[in-house]
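Grab the coordinates and a notepad. The exercises below go through one model, each with a task and a worked solution.

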Amino acid sequence: MRKFLLFILIGFTIILIWQTQCNNESFNLKYSEKQFKINKEIPKNKFDPIVNEINTKNKQIHNFQSDVSVILKKDNIIKTNGRIFFEKTINFRLILDSILGGELDIGSNKNFFWFWSYRNPSPGLYYVNHNNINESKLKPPFNPEFIINTLGLSEIDNNDCKYDMINNLYRIIKIKPVQNKNVIVTTLVDPIKKVIIGTAIYDL
């Protein structure tokens with residue numbers, strides 16, 4: 001179950017980054033790393049103007065929707081098509097279908113976060129009230145805030161952060177408490193296009 005959810009999230013994250021920020025360029029996994037390590041730090045005053053410009057643009061975006069095509073790879077290759085809907089700050093829904101019918105429904109509204117998958121070994125609709133997320137068994141990568149941030153449409157919170165570069169991209173590094181655990185959350189920024197192109201989460 002946990003491996004399957006992680007597999008779904010990886011596919012979901014990659015396609016959303018591609019759809020929203022990369023202008024039809026393939027998202028390259030070299031931008032992330034399996035084990036976090038900080039590189040030479042960038043001074044905050046060099047980074048602030050870029051963050052401010054991104055935040056000014058993202059602040060003007062209130063809702064977003066798009067067709068998506070996702071190829072999920074595990075034991076088999078599953079080609080799916082669907083649609084993503086997003087309304088700030090926490091309303092979103094991703095629905096995917098294959099030739100066999102409905103495959104995935106994952107979303108969040110002002111009260112609940114939910115998840116349903118046709119291929120889940122334990123079928124059912126799983127949901128949790130946002131107020132109880134910290135008491136749930138939901139893993140940090142499935143926190144609704146983190147999933148929404150993969151869209152690259154939220155404003156960047158760069159308080160109490162460190163900054164470095166990886167593969168010519170600026171990276172914002174922040175330690176955050178998620179589900180009663182401290183995790184490292186990074187945001188990747190293209191300093192030329194001035195857009196968010198990816199997010200990653202690491203345990204300590």
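What follows is a set of five exercises on confidence, strands and a pocket.

This is a predicted model, where local features need pLDDT of at least 70, side-chain atom pairs count only at pLDDT 80 or more, and totals for chains, interfaces and linings use all residues. Residues are numbered from 1 along each chain as its sequence is written, and side-chain values use heavy atoms, with hydrogens and water left out.

**Exercise 1. Work out where the predictor is sure of itself and where it isn't.**

Step 1: start with the whole protein. Mean pLDDT (the predictor's confidence in each residue, from 0 to 100) is 80, and 82% of the residues reach 70 or more.
Step 2: go element by element, taking helices (H or I, at least four residues) and strands (E, at least two) as DSSP runs numbered from the N terminus. Helix α1 (residues 2-21) comes out lowest with a mean of 47, while strand β3 (residues 91-98) is highest with 92.
Step 3: look for a weak stretch. Over residues 13-29 pLDDT stays under 50, and the model has 36 contacts (heavy atoms within 4.5 Å) for them beyond four places in sequence.

**Exercise 2. Lay out the open sheet of four strands.**

Step 1: get the order. Counting two strands as paired if DSSP finds at least two bridges between them, you read β7-β8-β9-β10, with antiparallel pairing.
Step 2: find the edges. β7 (162-166) and β10 each have a single partner strand, so one side of each has no neighbour in the sheet.
Step 3: add the geometry. From one strand to the next the twist averages 30°, with axes fitted as lines to C-alpha atoms (for helices over the stretch in contact) and angles running from 0 to 180 degrees between N-to-C directions.
Step 4: see what packs on the sheet. Helix α2 (residues 44-59) touches β7, β8, β9 and β10, and its direction makes about 80° with that of β8.

**Exercise 3. Zoom in on the β7-β8 hairpin.**

Step 1: check the register. Five bridges pair β7 and β8 in the antiparallel sense; Y163 has I172 as its bridge partner, and I166 sits opposite L169.
Step 2: inspect the turn. Two residues lie between the strands, and N167 has a positive phi near 50° despite being a residue other than glycine.

**Exercise 4. Trace the β4-β5-β6 pairings, then spot an unusual peptide bond.**

Step 1: β4 (residues 101-108) and β5 (residues 112-117) run antiparallel, joined by five bridges, with a hairpin of three residues linking them. L104 pairs with S117 here.
Step 2: β5 also runs antiparallel to β6 (residues 126-129), through four bridges; F115 partners Y126.
Step 3: scan omega. The K88 to T89 bond is cis, with omega near 10°, and T89 belongs to the loop between β2 (77-87) and β3.

**Exercise 5. Describe the second largest pocket.**

Step 1: set the rules. On a 1 Å grid over the protein atoms alone, a pocket is an open set of points where a 1.4 Å probe fits, with protein on both sides within 12 Å along at least five of seven lines; lining residues have an atom within 4 Å of a point. Points are joined across faces, edges and corners, and volume is the space filled by probe spheres set on them.
Step 2: read the results. The second largest pocket holds about 480 Å³; of its 19 lining residues, E145, N149, S154, E155 and D157 are closest to the centre.
Step 3: assign elements. α3 (144-149), β8 (169-178), β9 (181-190) and β10 (195-203) each give two or more residues to the lining.
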